[in-house]
Amino acid sequence: METFRRMGVKDLELSAVVAQSLDNQWVPPGLLSEMLADGRSLLEVEESLWEVARADYIRSLLNSPQVLVNRAFLYNNPMVFRDFSRGSPDREAFISLLSSGGIVQILVNERTPADRPTAVDDSKAPNFSVLSDGWAAWSGVAGEAYVHSLKFDWADSVGNSGQIMGRLGRTFPQRVMSLVTLRKADLARDLGVSEASAEELKQVLRQVADACSELSSTETVVTREALYKRFVIVDRTEPAEGRYDPTKPYSGLIKQLLDLAYNVNLAVGIETLALTPAKGLHRTVLQEWEPPRRDPGTQLSAHELATLLRGVAFDYLQETMYLESFKDLSLRDVVAVRESDEWTLYRARLDSLLAAPLEMFNDEESGAAALMRSYIDVLQICTNTLRSHPVPGLSPNRARDFVVSIVVEAAGAALNYCLAPHGAEVAIAGAAAGPVAAQAANVVVRLSVRGWTGRHRQKFWTSELDSRVQVITGWVDSAQEFWEELLAQLDDVPGTEEAREILATRNRAAALEGGPEADTLSPI
């Protein structure tokens, strides 16, 4: 009898996610700047990194029924393996998540969840002590849990290798090489730099693209580690050490873009969603023309989407006390929340909406508003769970307001329809210009809950408890006509006229720069 479950891509939940925060190379931008300034390594900032990454790790387990984890992250990332090390109070909770499929291990060429990596036996391997400790913990827990493991092809190793190369190996350098095409103005805005700096960064990205081309021409697999060595880390050190070189031009920004491309590439390769950290670059920075989708989707119309947007009714929640951050929850708390009636209802509504998004979007029981209300109920359960066992030094609860935001993305532009306290309002970002915009384009609709806090009129957006769910994937015959009609359908909604002007201005700029480019969505 199998002691683990063999899974293929088609066995995954529709809402399964790849959480970038579990990447053992991921560092939030603020901490990365400090590391570049003072020369500290990943091991030396472990506790600071833990606080940020931990919050997104827990968020992913509460947002989605299924979180996919690269097999190396399970024993390379101390934030992950400390939960299931011998003596950890959360070890049984982690085993429960593995056995239920809440956490799924992504394998490459391994035949079982506990196949031993060669680096474990190499004392000269970078970060060897961490790797050895992590592997000891993982090999123990893998023998006790009914591990759910994902692989492209379990029966044919040659076919599996071919799919790995086709889905991941070849597409990663292609994605990295496309970074040089990012539009300068949008790149500057997304990264918080001047346009002059964005222009200089693009010159370095051209060198990165050349390196990819050079390696590919010799049939060498292009890895993130190889690019790190040339453009990011201190010479004669290894990527696992995390010593980033401030003398290499724009090394911090290059690292962030490579990390985002790496994790998005993984999610696209296994036909699921990439969950980017709250404190990190959002996927829209990559200015992708075609968002990924598991199925071809359905043809959509601007009128249909406008009707769906107008039909969402959400009761604005004001000044309610909620936990400060997901990082305060243990894995035992997560398992308890996932076993609650509130989380069960959240998952049922999520499954129902994803199974028939157009039909269910405005359904009172299982539609968009109902799903978001369920998510906020889950947040209340999280808060009550923490109150039931107060921990010394625990972050205090904070009064928060929550609003629902619906984002429509097509052909590099994005519209944010926000149900704010004073009613609906619209904001636009991006550009859909040039000949491509007149052709068919993919459309994605994302649903999110956003929190804000503060006193009276002095409110500010927070991201600690936000949720994002991709609910609709489809296509339109003409992106240009779609955007014109959608804005016309929402003409009476505040912000629409300004959105129309912004889109027209950016379209002209994008056309001058050579075609449609995506833009990040600024918060309202």
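Modeller: Helices here are DSSP runs of H or I with at least four residues, strands are runs of E with at least two, and both are numbered from the N terminus. The model is predicted.

Biologist: With those terms in hand, how many helices and strands does the secondary structure of the protein come to?

Modeller: The protein has 524 residues, of which 56% are buried. Among contacts with a separation of 6 or more, 77% join residues that are 24 or more positions apart. The secondary structure that goes with this comes to 19 helices and 13 strands.

Biologist: Where is the place of Arg236, and is the residue buried or exposed?

Modeller: The phi of Arg236 is near 65°, which is a positive value in a residue other than glycine. Its place is in the loop between α11 and α12 (251–269). Exposed means over 50% relative accessible area. Because the relative accessibility of Arg236 is 83%, the residue counts as exposed.

Biologist: Is Glu219 buried or exposed?

Modeller: Glu219 lies in the loop between α10 (195–217) and α11 (224–231), and its phi is near 60°, again positive in a residue other than glycine. With a relative accessibility of 75%, Glu219 therefore counts as exposed.

Biologist: How many of the 19 residues of α12 are buried?

Modeller: The end C-alpha atoms of α12 are 26 Å apart, which agrees with the 27 Å that 19 residues should span at 1.5 Å a residue. Just after this helix, Glu271 takes a positive phi of about 60°. The helix itself is largely enclosed by the rest of the structure, because the number of its 19 residues that are buried is 17.

Biologist: Which helix gives the largest share of the largest nonpolar core?

Modeller: The largest nonpolar core has 135 residues, and those with the most contacts inside it include Phe94, Trp138 and Leu227. In soluble globular proteins, nonpolar side chains tend to be buried together. The largest share of this core, eleven residues, comes from helix α17.

Biologist: Which residues does a second, separate core include?

Modeller: This second core is separate from the largest one and has 15 residues. Among its members are Val9, Val18, Ile106 and Leu168.

Biologist: Why is α17 described as largely enclosed by the rest of the structure?

Modeller: From its first C-alpha to its last, α17 reaches 31 Å, close to the 30 Å expected for its 21 residues at 1.5 Å a residue. Buried means under 20% relative accessible area. The helix is largely enclosed because the buried residues among its 21 number 15.

Biologist: Which residues is Leu371 in contact with, leaving aside its neighbours within four places in sequence?

Modeller: Leu371 lies in helix α17, and because its relative accessibility is 0%, the residue counts as buried. Its C-alpha atom is separated by 9.6 Å from that of Ser352, a residue 19 residues apart along the chain. Beyond its sequence neighbours within four places, Leu371 is in contact with Tyr346, Arg349, Leu350, Leu353 and Leu447.

Biologist: What is the volume of the largest cavity?

Modeller: Rolling a probe the size of a water molecule over the atoms shows where empty space is left. A search of the whole structure finds three cavities of 30 Å³ or more. The largest cavity has a volume of about 270 Å³.

Biologist: Which element gives the most to the lining of the largest cavity?

Modeller: Of the 20 residues in that lining, the closest to the centre of the cavity are Asn24, Leu42, Leu49, Asn77 and Pro78. By class, the lining has ten nonpolar, six polar and four charged residues. Two elements, α2 (46–63) and α4 (78–81), give two or more residues each. With four residues, the element that gives the most is α2.

Biologist: Is Asp83 buried or exposed?

Modeller: Asp83 lies in the loop between α4 and α5 (91–100). Not counting residues up to four places away in sequence, Asp83 touches Arg54, Tyr57, Ser88, Asp90, Arg91 and Leu331. Since its relative accessible area is 5%, Asp83 is buried.

Biologist: How far apart are the C-alpha atoms of Leu14 and Gln66?

Modeller: Leu14 has its place in the loop between β1 (4–7) and β2 (17–19), and at 48% relative accessibility it counts as partly exposed. Leu14 and Gln66 are 52 residues apart along the chain, and their C-alpha atoms are separated by 9.0 Å.

Definitions and conventions. Residues numbered from 1 in each chain as written. Predicted model: local features only at pLDDT ≥ 70, side-chain atom pairs only at ≥ 80, totals over all residues. Heavy atoms only, no water. 1 Å grid on protein atoms, 1.4 Å probe; cavity = no way out; pocket = protein on both sides within 12 Å on 5 of 7 lines; lining within 4 Å. Points joined across faces, edges and corners; volume = space filled by probe spheres on them. Nonpolar A, V, L, I, M, F, W, Y, C, P; charged D, E, K, R; others polar. Buried < 20%, exposed > 50% of the residue type's maximum accessible area, 1.4 Å probe, protein only. Contact = heavy atoms within 4.5 Å. Core = buried A, V, L, I, M, F, W, Y, C linked by side-chain atoms within 4.5 Å. Expected span 1.5 Å × (residues − 1).
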